[in-house]
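Me: Please take a close look at the charged side chains in this model, and at the helices and the core around them. A single connected account would suit me best.

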Amino acid sequence: MAQLSSMMAVLLEISNQLTEDQLSKVKFLCQDHIGKRSLETIDSGTKLFTTLSERGHLSPDDTELLGQMLQKVGRDDLFQILDAFVTGSRPGHQDDTENAKLATATEVLSEHLGRSWRRLGRRLGLSEVKLDSISRRHPTELDETAVELLKEWRKLRGPQACVEDLIQALRACDLNLTAHKLELRISDDAQVANMNI
């Protein structure tokens with residue numbers, strides 16, 4: 001039971017990090033294992049994983065099929081999370097320091113990015129379809145648009161997402177003031193953390 005509970009947590013983590021496009025590709029790869037009609041009703045990774053489990057293609061002792069599909073859609077980082085569950089280790093995760101920096105970046109960009117969010121999104125590698133989706137969800141709330149943008153970028157990059165890449169992208173978009181504000185906030189946070197040690 002504990003192993004099943006742990007696997008459910010891992011599958012939820014994988015589901016949360018899959019982009020819509022990647023989920024669509026995984027569903028395509030599942031056609032031989034799940035009927036097209038059933039696939040049409042699946043709109044999330046958790047539903048897909050539940051269906052695979054019910055059909056006998058996914059269990060704590062059998063993750064090979066899911067692992068292969070994650071690799072085929074270019075999510076080696078998610079494959080590593082799954083493999084870590086199987087082997088009992090947990091590599092491939094961002095450390096707490098980088099997560100804290102990314103959380104700070106989300107705050108700064110929500111305050112200062114404004115209407116330049118789409119330009120930054122393109123620089124970060126998000127597709128026009130994804131950018132349009134973000135715009136539809138938050139047509140007038142620029143702060144929420146920035147939060148959603150970084151969320152999607154972190155999904156796309158997985159554990160490779162880092163603040164240094166974000167700062168470089170800001171400067172490449174001539175958003176030097178925002179990049180400078182982000183660097184200052186991270187530096188201030190680091191000084192406070194050192195004082196508390």
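Reply: D77 and R75 are both buried, and in this predicted model their side chains meet in a salt bridge with an N to O distance of 2.7 Å. A search of the whole structure finds 15 salt bridges.

A second pair, K130 and E20, also forms a salt bridge, at 3.9 Å from N to O. This pair links distant parts of the chain, since K130 belongs to helix α9 and E20 to helix α2 (residues 20–29), 110 residues apart. K130 counts as buried because its relative accessibility is 10%, the cut-off for that class being under 20%. The pair is part of a wider network of salt bridges that links E20, K130, R137, E148 and E152.

Several members of that network recur where α9 packs against α10. The axes of these two helices come within 10 Å and cross at roughly 145°, and the crossing is right-handed. On the α9 side the contact is made by K130, L131, I134 and R137, and on the α10 side by T145, E148, L149 and E152.

Helix α9 takes part in a further salt bridge, in which the side chains of E128 and R118 meet at 3.5 Å, N to O. Because E128 lies in α9 and R118 in helix α8, this pair ties together parts that are 10 residues apart in sequence. E128 is partly exposed, at 37% relative accessibility, and R118 is likewise partly exposed, with a relative accessible area of 21%.

E98, in helix α7 (residues 96–112), presents another situation. E98 is buried yet has no salt bridge, and K101, the nearest side chain of opposite charge, is 4.4 Å away; a salt bridge would require a separation within 4 Å. Apart from neighbours within four places in sequence, E98 is in contact with A161, C162 and V163.

The nonpolar side of the picture remains. The largest nonpolar core has 26 residues, and L109, L113, L120, L166 and L182 have the most contacts inside it. Two or more residues of this core come from each of α7, α8 (117–123), α9 (128–137), α10 (142–157), α11 (163–172) and α12 (176–196), with α11 giving the most, 5 residues. Leaving aside neighbours within four places in sequence, L113 is in contact with V108, L120, A146, L149, L170 and L175. Apart from this core lies another, of 24 residues, which includes V10, V26, L52 and L82.

Technical notes
Residues numbered from 1 in each chain as written. Predicted model: local features only at pLDDT ≥ 70, side-chain atom pairs only at ≥ 80, totals over all residues. Heavy atoms only, no water. Helix = DSSP H or I, 4+ residues; strand = E, 2+ residues; numbered from the N terminus. Buried < 20%, exposed > 50% of the residue type's maximum accessible area, 1.4 Å probe, protein only. Lys, Arg positive; Asp, Glu negative; His and termini not counted. Contact = heavy atoms within 4.5 Å. Core = buried A, V, L, I, M, F, W, Y, C linked by side-chain atoms within 4.5 Å. Axes fitted to C-alpha atoms, helices over the stretch in contact; angles between N-to-C directions. Left-handed = near helix turned anticlockwise from the far one by under 90°.
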